[in-house]
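Student: I should like to learn how a structure of this kind is read. Could we work through it by question and answer?

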Amino acid sequence: MHASFEEKSVWIQLVSTVAVLGAYFVVAALMLSKGVTTVIAFVPLFIVPVALLVVVLTVGHVVVAITARPDGRDERDRIIEWRAESNSSWILGVGVLAALTGLVVSLDNVWIAHMLLLSMLLSEVARFIFQLVYYRRGMEK
Amino acid sequence: MTQQELADQIGVTRQTVNAIEGCKYSPSLEVAFRIAQVFDKPLEDVFQYGAQPE
């Protein structure tokens, strides 16, 4: 079975998000381990991957659209996205709760910001994986 | 009739028709009725509860 444009789009988002934001977190972890704890020091480091992510996602979708005609979203694509989001959104919720707890115990802002970012990244990655599983294995079980 | 032809007539992607055929996706009532209309058959002739892929 050939993948639809929507499924290929999810693959592009998964690979590019993991590669680009994963690289950000590796560098950020190194900086944090060296004692860099001011949020402003991470801003340039964060802008580069975000811009890179936009470029990679745009190029990836253009390439896929050129090689295969986009067939549009239908009800199955929407249901798969809703169900995947419903299964993965708790990760972001846990991250927000952890960040709020961090605020209560006066954790450095840089840790709170990264807790939120990491939970957002993990939540998105989980959503992409759930979507791909539903596309491949179906939603009947 | 090809999957693509059916997909075009009922307004979904070919992959969705493929998933319905393989019992990997249960279509909405609207799509189920459209499929039955295309084949000019009653709904229960096209879809059975608990059907397995052939």
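The exchange below treats one chain, then its contact with the other chain.

Tutor: This is a predicted model, in which local features need pLDDT of at least 70 and side-chain atom pairs count only at pLDDT 80 or more, while totals for chains, interfaces and linings use all residues. Residues are numbered from 1 along each chain as its sequence is written, and chains are lettered from A and ligands numbered from 1 in the order in which they are written.

Student: In which order do the elements of chain B run from the N terminus on?

Tutor: Helices (H or I, at least four residues) and strands (E, at least two) are DSSP runs, numbered from the N terminus. Chain B has four helices and zero strands. Its order is therefore written with helices alone: α-α-α-α.

Student: What radius of gyration does chain B have, and why does it agree with a compact globule?

Tutor: The radius of gyration is taken over C-alpha atoms, and the globule rule is 2.2 Å times the number of residues to the power 0.38. The C-alpha atoms of chain B fill a box of roughly 25 × 20 × 20 Å along the principal axes. Because a compact globule with 54 residues would have a radius near 10 Å, chain B agrees, with 10 Å.

Student: Which element gives the largest share of the largest nonpolar core?

Tutor: A residue is buried if 20 or more other C-beta atoms lie within 10 Å of its own, exposed if 12 or fewer, and partly exposed in between, with C-beta atoms placed from the backbone; in chain B, 24% of the 54 residues are buried. A nonpolar core is a set of buried Ala, Val, Leu, Ile, Met, Phe, Trp, Tyr and Cys residues joined through C-beta atoms within 7 Å. The largest one has eight residues, including Ile10(B), Val17(B) and Tyr25(B). Helices H2 (14–21) and H3 (29–39) of chain B each give two or more residues, and the largest share, three residues, comes from H2(B).

Student: How many residues of chain A take part in the contact with chain B?

Tutor: Two residues are in contact if their C-beta atoms, placed from the backbone, lie within 7 Å. Tyr25(B), for example, touches Arg76(A), Gly138(A) and Met139(A), among others. Chain B brings 12 residues to the contact, and chain A brings 10 residues.

Student: Which element gives the largest share of the side of chain B that touches chain A?

Tutor: The contact takes 12 residues from chain B. The largest share of that side, four residues, comes from H2(B).

Note on methods. Lists of a residue's contacts leave out its neighbours within four places in sequence.
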